[in-house]
Each structure stands twice: as C-alpha cells, then as structure tokens.
Amino acid sequence: MEKIAKVSVFIRLLIVLVACLNIFVITVAIITQSDANSSELSVGTSQSHISQVVNLPKSSESFSKELNAEGFNSYAIMLIPELLFCLFIYWSLIKLFGLYQQGAIFTVIHINQLRNIGTCLLVWSVFDLLYPILLMLFLRISGLSESLPLFLSISSDQLLKLLIGLIIFVMSWIMTEGQKLQQEQELTI
C-alpha cells in the first residue's frame with residue numbers, strides 16, 4: 001500500500017503540471033490569436049526541450065477557419081469549452097489519486113470519481129458534436145454573423161472519447177455491483 005501512496009503522489013503532481021502547462025498554452029494561443037490550426041509553446045535550453053502543442057479539435061478545423069474568416073477568435077471559441085472539460089477531468093483524477101494515496105481503493109467515493117470521469121467523457125463527445133451547430137445558430141440569431149454555414153462533423157477523436165467514457169462508466173458500474181455483492185456477503189453469516 002505504501003508503493004501505491006508514493007506513486008499516487010507522483011501522479012498527482014504530474015497531473016497538476018500537465019494541467020498548468022495546458023492552461024498556460026491555451027491562454028497564450030487565445031491571446032495571440034494564431035491563424036494556424038495549432039499553437040506550440042516551447043521551453044528549454046540547447047540540451048533539453050519541453051514543448052506542448054495545442055490543436056483545435058480535429059472535428060472543428062473547417063469551422064474554425066470559417067470563424068477566423070468572420071473575424072472571431074476561433075481559439076477562444078473552440079478551446080475554452082475543451083479546457084473546461086479537461087480541467088474537470090484533471091480535478092477528478094487529482095481527487096481519485098488522492099483517494100489512492102489515502103488507501104481508499106474500492107470505496108463509494110472512488111467509484112463516483114471514476115463515474116464522473118466516464119460521464120464527463122461521454123458528455124464531452126456529445127458536446128463536440130453539437131457545439132458547432134449551437135454556436136452557429138447563436139451567432140446567426142444574435143446577428144453577429146450572417147454567413148456561417150451549418151456545420152456537423154464526427155471525428156475519430158469524438159468516437160474515442162465516447163468509447164473511453166463508456167468503458168470507464170461501465171467499469172464504475174461493475175465496481176458498484178461488486179461492492180454491493182461484498183456488502184451482501186458481509187451481512188450473510
């Protein structure tokens with residue numbers, strides 16, 4: 001159990017580092033309003049180099065070009081919702097590994113954190129599908145744009161999020177059922 005606690009501390013620190021780097025790079029991409037489809041932040045010396053590339057979602061590349069053509073900041077419009085989903089997952093992972101650090105492995109709270117991550121991924125995949133349509137309708141109804149086309153795209157990224165979210169959600173359900181069986185066995189004499 002001590003090894004799990006040590007690894008959990010390391011993983012939590014790594015998640016915080018990745019989250020901070022992700023937030024910083026997306027913020028820089030939004031502020032600089034790059035015209036490219038990706039933004040890269042590199043830090044390092046001649047011997048070492050760390051970089052992170054932030055890409056617009058693959059399913060939204062065409063839509064982001066249309067937004068840029070209309071004068072909108074496609075990075076802000078497309079990446080802020082994605083960042084919010086990522087932050088929720090980062091936070092849930094930090095809490096999950098905090099439970100591991102405390103030795104809570106098959107508890108209700110642990111299962112709820114897994115379920116939250118799975119649910120977030122499922123909602124995120126549906127959101128990715130509907131967001132461009134809803135955004136275009138909002139921009140047209142509000143009068144901010146008259147020429148944005150109706151946009152619907154399904155990408156492998158969305159399908160992967162859907163599949164991973166479904167797997168994690170089912171794992172949490174299986175763990176819940178296992179916990180119920182264990183409680184029933186403990187009550188049986």
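The legends below accompany an overview and several close-up views of a predicted model.

**Figure 1. Overview of the protein chain, with its 5 helices and 2 strands.** Let's start with the whole fold before moving in. Following the sequence, the elements come in the order α-β-β-α-α-α-α. The chain has 189 residues, and 38% of them are buried. Looking at contacts between residues at least 6 apart in sequence, 67% connect residues at least 24 apart. The accessible surface adds up to about 11600 Å², with carbon and sulfur atoms contributing 68% of that area.

**Figure 2. Helix α4 and its kink at L130.** Helix α4 covers residues 108-141, and a kink of about 40° is found at L130. The proline P132 follows shortly after this kink. Keep an eye on the end of the helix too: just after α4, G143 adopts a positive phi of about 85°.

**Figure 3. The aromatic pair of F85 and F127.** The structure as a whole contains 4 aromatic pairs. In the one formed by F85 and F127, the ring centres are 5.3 Å apart and the planes meet at 55°, a tilted arrangement. Which parts of the chain does this pair link? F85 belongs to helix α3 (residues 74-102) and F127 to helix α4, so the pair brings together distant parts of the chain, 42 residues apart. Is F85 buried or exposed? With a relative accessible area of 14%, F85 is buried. Its partner F127 has 27% relative accessibility and therefore counts as partly exposed.

**Figure 4. F127 and Y131, a stacked pair within helix α4.** Here we stay with F127 and turn to its pairing with Y131: the centres lie 4.8 Å apart, with 25° between the planes. Both residues sit in helix α4, and because they are 4 residues apart there, about one helical turn separates them. Y131 has a relative accessibility of 17%, so Y131 is classed as buried. Taking a step back, F127 and Y131 belong to one aromatic cluster together with F85 and W124.

**Figure 5. Q179 and the residues it touches.** Q179 lies in helix α5, which runs over residues 156-187. Is this glutamine buried or exposed? Its relative accessibility is 16%, so Q179 counts as buried. Leaving aside residues up to four places away in sequence, Q179 touches F106, T107, V108 and I111. Of these contacts, V108 may look familiar, since helix α4 spans residues 108-141.

**Figure 6. Cysteines C20, C86 and C120 in a structure with 0 disulfides.** How many disulfides does the structure hold? The count is 0. Take C120 as an example: its closest cysteine sulfur is that of C86, at 8.2 Å, which is too far for a bond because a disulfide requires sulfur atoms within 2.5 Å. C120 has a relative accessible area of 7%, so C120 is buried. C20, in turn, has a relative accessible area of 48% and is therefore partly exposed.

How values were computed
Residues numbered from 1 in each chain as written. Predicted model: local features only at pLDDT ≥ 70, side-chain atom pairs only at ≥ 80, totals over all residues. Heavy atoms only, no water. Buried < 20%, exposed > 50% of the residue type's maximum accessible area, 1.4 Å probe, protein only. Contact = heavy atoms within 4.5 Å. Areas by Shrake-Rupley, 256 points an atom, 1.4 Å probe, with all protein chains shown as cover. Bend = angle between axes of the 7 residues up to and from the residue. Phe/Tyr/Trp six-rings, centres within 6.5 Å; stacked < 30°, edge-to-face > 60°.
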